[in-house]
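Good morning, everyone, and thank you for making time for this. Please have the sequence and the picture open beside you while I talk.

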Amino acid sequence: MLKVLSLSAAYDAQAVLRQVSLQVAPGELVAVLGRNGSGRSTLAKALMGLVPATGQVSWQQHELAGLASHHRARLGLGYVPESRDAFASLSVHHNLSLGLKAGASEALLAQAYDLFPALKKRQHTPAGVLSGGEQQMLSLARALMGQPGLLIADEPCEGLAPQLVEVVGQALAGLRAQGVAVLLIEQKLTLVHALADRVLLMGRGEIVFDGSAAALQAQAQLCQQWLDGPALKQGQP
Ligand SMILES: Nc1ncnc2c1ncn2[C@@H]1O[C@H](COP(=O)(O)OP(=O)(O)OP(=O)(O)O)[C@@H](O)[C@H]1O
Ligand SMILES: [Mg+2]
């Protein structure tokens, strides 16, 4: 279980995360919604130890406060950052190999290629010349190479063609079915409806709603205040 209690973070003196508390259980997919600038990526970075933060964060029996990000990764946290993070001059295959957990079988690479055939075709291509969508797939595939127990994915579908969004959605659903805890930062409401067990809504660095997507949909005022556009609707892109 990921347990977060009163997590706060600031850039310079500007508070960006304010006393955020949340939990994600193994096999649960929790989506984080919110407007641009509401603090969602900062939440992901704070959980990964990439920005200084105060408060308590634990994963399984481990207290994470103060641990460096590579240490958190070793404890089972996987991260798909907002800015895709492939090594540009290295091939797709090399990038994926670097993501492999120590001692993990290379069979994981084959699984990634099954999941994302486009990456298989490009396996010898330097990551830097991939399209934006291919780089996003690579970033997700690389996180999967670490066999995370908790995956924090920051808008992994942003800018992807609808067929690829479907593929990523299936990959995330597959992880959940394997018992992985997933924290998904996402703007695509159809995907959130289809996938999320629970939805957190962030407004100015605070969690202003924690419940089901359907319950959020019923809160028109909250949606209007803290989400762009109209309230969540089933089937809305
Ligand atoms: N490195 C930084 N230095 C200073 N301010 C920052 C930095 N990164 C983010 N911010 C500010 O912190 C606030 C929250 O940013 P964050 O990236 O967490 O938002 P977000 O919800 O992920 O939004 P989006 O992804 O749509 O930009 C914003 O006001 C942003 O301008
Ligand atoms: Mg962001």
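I will go through the sheets and then turn to the ligand. Before anything else, please keep in mind that this is a predicted model.

Let me begin with the smaller set of strand numbers. Four strands, in the order E2-E1-E4-E5, make up an open sheet whose pairing is antiparallel. At the edges stand strand E2, residues 14–24, and strand E5, residues 62–63, and because each has a single partner strand, one side of each is left without a neighbour in the sheet. For those of you who are new to this, strands of a sheet pair through backbone hydrogen bonds, and they can do so either parallel or antiparallel.

Inside this sheet, E1 and E4 run antiparallel and are joined by 5 bridges, and one residue pair you can look for is Lys-3 with its bridge partner in E4, Ser-58. Strand E4, which covers residues 54–59, also pairs with E5 in the antiparallel sense, this time over 2 bridges. Ser-58 appears here again, since its bridge partner in E5 is Glu-63, while Trp-59 stands opposite His-62 of E5. What lies between the two strands of this hairpin? There are 2 residues between E4 and E5, and in this hairpin Gln-60 takes a positive phi near 50°.

A helix accompanies this sheet as well: H1 lies across strand E1 (residues 2–11), E2 and E4, and runs at about 115° to E1.

Now to the other sheet. It is an open one of 6 strands, in the order E6-E7-E8-E3-E9-E10, and its pairing is mixed. Its edge strands are E6, residues 77–80, and E10, residues 206–211, each of which pairs on one side only, and from one strand to the next the twist averages 15°. At the E10 end, strand E9, residues 198–203, runs antiparallel to E10 and is joined to it by 5 bridges; in one of these pairings, Gly-203 has Glu-206 of E10 as its bridge partner. Towards the E6 end, helix H6, residues 132–145, lies across E6 and strand E7 (150–154), and its direction makes an angle of about 175° with E6.

Let me finish with ligand 1. Which residues are found around ligand 1? They are Tyr-11, Val-16, Arg-35, Asn-36, Gly-37, Ser-38, Gly-39, Arg-40, Ser-41, Thr-42, Glu-82 and Glu-155. Sorted by class, this shell has 2 nonpolar, 6 polar and 4 charged residues, and its largest share, 3 residues, comes from helix H1, which spans residues 40–47.

Several polar contacts can be picked out with care. A polar backbone atom of Ser-38 is 3.1 Å from an oxygen atom of ligand 1, and a backbone N or O atom of Gly-39 lies 3.0 Å from an oxygen atom of the ligand. For Thr-42, an N or O atom in the side chain is 2.5 Å from a ligand oxygen atom. Taken alone, ligand 1 exposes 630 Å², and the protein buries 58% of that area.

Notes
Residues numbered from 1 in each chain as written. Chains lettered and ligands numbered in written order. Predicted model: local features only at pLDDT ≥ 70, side-chain atom pairs only at ≥ 80, totals over all residues. Heavy atoms only, no water. Pairing = 2+ DSSP bridges. Axes fitted to C-alpha atoms, helices over the stretch in contact; angles between N-to-C directions. Contact = heavy atoms within 4.5 Å. Near = heavy atom within 4 Å. Polar contact = N/O pair within 3.5 Å; in protein donor to acceptor, adjacent residues only side chain to side chain. Areas by Shrake-Rupley, 256 points an atom, 1.4 Å probe, with all protein chains shown as cover. Nonpolar A, V, L, I, M, F, W, Y, C, P; charged D, E, K, R; others polar.
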